[in-house]
Amino acid sequence: MITETDNKDNLLKSPVFRNLPADRIQEIVRKARCETVGPGAVVFREGDVAEHFYIINSGKVRVFVRHNGVERELAIRGAGEGFGEVALLTGESRTATVVALEETELMIFSKELFDDIVREYPDISRTFMKEMRSWLLRDQEIIEEEAEAVIKASRMSWVDFLLIIGVSVLLALSFNHSNPNGIPLFPVAPDRSSIPAISVTEAKQLYEQGKVLVLDAMPPNFYQKRHIKGAVNMPMTLFDIVYLMNFSEEDKDRGVLVYGNSISRPYDLEIASKLMLRGYGDVKIIDGGLPAWEADGYPVEAMAAK
Amino acid sequence: MILSLLKRILMSPYLAFALRIYVGCFFIYASVSKIPFPAQFAEAIANYRLIPYLGLNFGAVLLPWIEFVAGLFLIIGFRARAAVVVIGLLLIMFDLMILINMYWGAPITCGCYDTVGEPIGWKKISENVLMLIFTAQIYLFDRLTITSKWGFLASAGKRIASPAASQ
């Protein structure tokens with residue numbers, strides 16, 4: 001239990017009451033009451049009606065405001081320090097919330113006692129004014145910090161984009177280099193002039209004679225949608241299987257027509273050159289591919305040809 | 001009443017934060033399935049028939065990493081605004097590419113998450129548009145990044161202990 005003498009000592013230490021005569025302090029202490037609050041206890045809340053002024057005998061409290069659901073800490077106050085004067089001086093409701101951080105012993109002064117002291121010792125008002133000035137400064141600091149954070153979060157410059165792209169390029173290149181499934185970044189396009197081409201009209205003639213094998217080099221989904229009637233689908237991924245089913249080692253002179261090309265990938269060139277590497281001499285590419293073939297009104301069909 | 005509440009929720013920075021996490025995770029998820037297999041992804045892009053041969057492989061290597069880095073930046077709140085713009089632009093690009101191929105009637109799959117993928121169509125387009133709306137919300141209402149808020153509180157706590165209290 002804290003005695004009256006302890007309380008007096010505390011008041012003498014407090015910047016607010018330091019300069020008061022000893023006998024007056026004795027009297028104030030007698031009129032004040034003491035209360036102990038546990039950690040987490042709310043002393044008062046923002047918006048409460050103000051009825052007391054507090055001096056901390058022991059322990060710690062946290063002073064904060066809540067704005068838009070975000071807490072802003074104004075101060076941590078410890079033994080000997082006071083709080084709660086702002087609302088008593090202005091006559092308005094509490095401007096902040098105070099919560100005990102640990103077990104805290106508070107000396108509580110009623111509004112009447114507080115008013116008496118302020119009236120009796122105008123010098124104390126000056127101390128309170130300094131105190132209020134410090135709250136004001138803290139408010140200003142918070143506003144500035146918040147404004148700065150908002151600007152920081154919303155500012156966006158070309159450096160940011162450069163950073164994102166730069167980091168991505170760096171990671172992409174280094175990972176692709178060490179990835180066992182890595183691919184060449186800028187492959188050399190196969191030379192189209194190295195493989196003989198044939199116009200659709202000529203192709204149609206050979207096609208009608210039935211002597212040539214027509215290969216569709218596009219991926220299966222495109223082949224299934226539409227292809228030259230009777231053409232066999234031979235995408236790169238299925239090269240070996242289709243090769244086994246349609247080619248024989250004895251007949252290397254067999255005429256082969258390949259088509260299927262897009263801006264992204266010369267499928268026809270890939271297949272044609274692979275066949276030529278296997279020793280097939282009569283491989284030709286249909287110039288213009290399926291679109292040219294269709295444009296001339298030659299037969300096409302959908303779904304897989306059996 | 002309900003309308004104003006709805007408005008408050010839609011404009012809330014907390015919703016923006018939640019969406020940042022969601023969109024960020026989504027893009028990281030989409031990227032990690034593509035990063036290890038660039039050849040397959042290059043095939044998927046080739047199906048769109050819009051990227052020239054020379055840029056195809058480089059694009060297939062780079063694009064998943066842009067998704068990954070932008071997604072990561074968005075989640076951790078580092079250069080988040082630029083990251084969300086990058087993601088928005090990617091989404092617009094994806095939708096355009098899909099729309100063009102739908103117009104052509106190309107029988108292709110999306111290639112969005114893996115090589116098998118779902119076929120392109122209005123479902124995919126609307127998913128991307130929804131995601132685009134999310135990025136717009138983030139762009140407009142993501143105010144304080146949560147990380148800077150934590151940093152701010154920590155620094156405030158430190159500063160308070162000294163001058164204001166002891167006078």
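This is a short talk on a few helices and strands in the structure shown above.

Okay, before anything else: what you're looking at is a predicted model. I'll start in chain A, with the sheets, and then move over to chain B.

So, chain A has an open sheet of 4 strands, and their order is 1-8-3-6, with antiparallel pairing. Which strands sit at the edges? Those are strand 1, residues 33–37, and strand 6, residues 82–83, and each of them pairs on one side only. If you follow strand 1 of chain A, you'll find 5 bridges joining it to strand 8, residues 104–110, and the two run antiparallel. To find your place on screen, pick A:C34: its bridge partner in strand 8 of chain A is A:M107. Quick reminder on how this works in general: strands of a sheet pair through backbone hydrogen bonds, and that can be parallel or antiparallel.

There's also a helix lying over this part. Helix 4 of chain A, residues 111–120, lies across strand 3 (52–58) and strand 8, and runs at about 70° to strand 8 of chain A.

Next, strand 13 of chain A, residues 255–259. Is strand 13 buried or exposed? Mostly covered, with 4 of its 5 residues buried. Strand 13 of chain A has parallel pairings: 5 bridges join it to strand 10, residues 212–216, and 3 bridges join it to strand 14, residues 283–286. On the strand 10 pairing, A:D216 stands opposite A:Y259; on the strand 14 pairing, A:V256 has A:V283 as its bridge partner. Add helix 10 of chain A, residues 267–277, and strand 13, helix 10 and strand 14 make a right-handed β-α-β unit.

Now over to chain B. Helix 2 (residues 13–32) and helix 6 (residues 122–141) of chain B pack at about 135°, their axes 9 Å apart. That angle is why we call helix 2 of chain B oblique to helix 6 of chain B. Among the residues making the contact are B:L15 and B:L19 from helix 2, and B:F134 and B:I138 from helix 6. The crossing of these two chain B helices is left-handed.

Last stop: helix 3 of chain B, residues 38–48, where 9 of the 11 residues are buried. The buried ones include B:F41, B:I45 and B:Y48. What covers them? The cover includes helix 6 (158–178) of chain A, along with helix 4 (53–76) and helix 5 (80–104) of chain B. And just after helix 3 of chain B comes B:R49, with a positive phi of about 55°.

That's my tour, thanks!

Conventions. Residues are numbered from 1 along each chain as its sequence is written. Chains are lettered from A and ligands numbered from 1 in the order in which they are written. This is a predicted model: local features need pLDDT of at least 70, side-chain atom pairs count only at pLDDT 80 or more; totals for chains, interfaces and linings use all residues. A residue is buried if 20 or more other C-beta atoms lie within 10 Å of its own, exposed if 12 or fewer, and partly exposed in between; C-beta atoms are placed from the backbone. Two residues are in contact if their C-beta atoms, placed from the backbone, lie within 7 Å. Two strands pair if DSSP finds at least two bridges between them. Axes are lines fitted to C-alpha atoms, for helices over the stretch in contact, and angles run from 0 to 180 degrees between N-to-C directions. A crossover is right-handed if, with the strands pointing away from the viewer, the path from the first strand over the helix to the second runs clockwise. Angles under 35 degrees count as roughly parallel, over 145 as roughly antiparallel, 65 to 115 as roughly perpendicular and the rest as oblique. A crossing is left-handed if the near helix is turned anticlockwise from the far one by less than a right angle, and right-handed if clockwise.
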